[in-house]
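Reader: Please take me through one part of this model at close range. I would like the interior first, and then whatever surrounds the part you choose.

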Amino acid sequence: VSTHFCFAQDKLFAYDDCNAVLIFDHVGLSCAVPGQALLEMLEGAGESIELTQDGLELLLRDGGSRIRLPILPESAFVFDPPEADVSAELILDAALAEALEFAASCAGGDSTPPEMQGVRIALGREAPVTLYATDDITATKITATQRSRTSAQSILIHRSSAQLIGKTHHM
């Protein structure tokens, strides 16, 4: 599980000692946020979420609810995303964000077998993006309308990272 997520003005990124997830979007924040705490707050959040930075706290507004979360400065984040050599690149539109969030909800919580750690994304040149998830009882396959521009490959995004990516599209 990504221990922290780093917001850096024009991007959001996370690293879990194995995988890096980088999302380019103007979020207007500059801080490192505890990953598990942020995910727990976002799980119960509605469709419209507002995040603002207030000193060393992140303020999450969801309707009439307000929650404060302690943060670290962006400089305290221990991982810098690579400038080049991106292994897979997808444009996160509303449909793909919704599909990713749904697939993450179908993934199991067992961290032992790789297929149950998150959402597997199958990419192929000019082929539709396909998402897979399992909880060892059921299997979920979602074929998105978006087409991949990268060479054929399969990547695994941890369940918590997939949930966060899906949720960030609502912010």
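**The largest cavity, then the open sheet**

Author: The largest cavity has a volume of about 50 Å³. A cavity here is a set of points on a 1 Å grid, over the protein atoms alone, where a 1.4 Å probe fits but cannot get out. Points are joined across faces, edges and corners, and the volume is the space filled by probe spheres set on them. The model is predicted, so to speak for its local features a pLDDT of at least 70 is needed, and side-chain atom pairs count only at pLDDT 80 or more, while totals for chains, interfaces and linings use all residues. Residues are numbered from 1 along each chain as its sequence is written, and side-chain values use heavy atoms, with hydrogens and water left out.

The search covered the whole structure and found 2 cavities of 30 Å³ or more. What lines the largest one? The residues are F5, L12, F13, A14, V21, I23, S161, L164 and I165. A lining residue has an atom within 4 Å of a cavity point. Three elements each give two or more residues to this lining: β2 (11–15), β3 (20–24) and α3 (159–168). Helices (H or I, at least four residues) and strands (E, at least two) are DSSP runs, numbered from the N terminus.

By class, the lining has 8 nonpolar residues, 1 polar residue and no charged residues. Ala, Val, Leu, Ile, Met, Phe, Trp, Tyr, Cys and Pro count as nonpolar; Asp, Glu, Lys and Arg as charged; the others, Gly among them, as polar.

Take A14 from that lining. A14 belongs to strand β2. It is buried, at 3% relative accessibility. Buried means under 20% relative accessible area, exposed over 50%, and partly exposed in between (1.4 Å probe, protein chains only). A14 and L164 are 150 residues apart along the chain, yet their C-alpha atoms are separated by 9.9 Å.

Now widen the view. The chain has 3 helices and 12 strands. Of its 171 residues, 41% count as buried. Among contacts with a separation of 6 or more, 56% come from residues 24 or more positions apart. Contact means heavy atoms within 4.5 Å.

Next, the open sheet. Its 4 strands follow the order β11-β10-β9-β12, with antiparallel pairing. Two strands pair if DSSP finds at least two bridges between them. At the edges are β11 (139–147) and β12 (153–158), each pairing on one side only. From one strand to the next, the twist averages 20°. Helix α2 (residues 94–106) packs on this sheet. It touches β9, β10 (128–134) and β11, and its direction makes about 20° with that of β10. Axes are lines fitted to C-alpha atoms, for helices over the stretch in contact, and angles run from 0 to 180 degrees between N-to-C directions.

Go along the pairings. Strand β9 (residues 118–123) is joined to β12 by 6 bridges, antiparallel. There, G118 stands opposite H158 of β12. β10 and β11 also pair in the antiparallel sense, over 6 bridges. Y132 faces K141 of β11 across that pairing.

T130 sits in β10. Its relative accessible area is 10%, and it is buried. Beyond neighbours within four places in sequence, T130 contacts R120, I121, A122, K141, I142 and T143.

Q146 lies in β11. At 13% relative accessibility, Q146 is buried too. Setting aside neighbours within four places in sequence, its contacts are L90, I91, D93, L96, A127, P128 and V129. The C-alpha atoms of Q146 and L92 are separated by 9.2 Å, with these positions 54 residues apart along the chain counted as their distance apart.

The loop between β10 and β11 holds D136. Is D136 buried or exposed? It counts as exposed, at 62% relative accessibility. Its phi is positive, about 80°, although D136 is not a glycine. Most residues other than glycine have a negative phi. The hairpin of β10 and β11 has 4 residues between the strands.

Another hairpin is worth setting beside it. Strands β6 (residues 57–62) and β7 (residues 65–70) pair in the antiparallel sense over 6 bridges. E57 stands opposite P70 of β7. This hairpin has 2 residues between its strands, and G63 takes a positive phi near 65°.

Notes
On a 1 Å grid over the protein atoms alone, a cavity is a set of points where a 1.4 Å probe fits but cannot get out, and a pocket is an open set with protein on both sides within 12 Å along at least five of seven lines; lining residues have an atom within 4 Å of a point.
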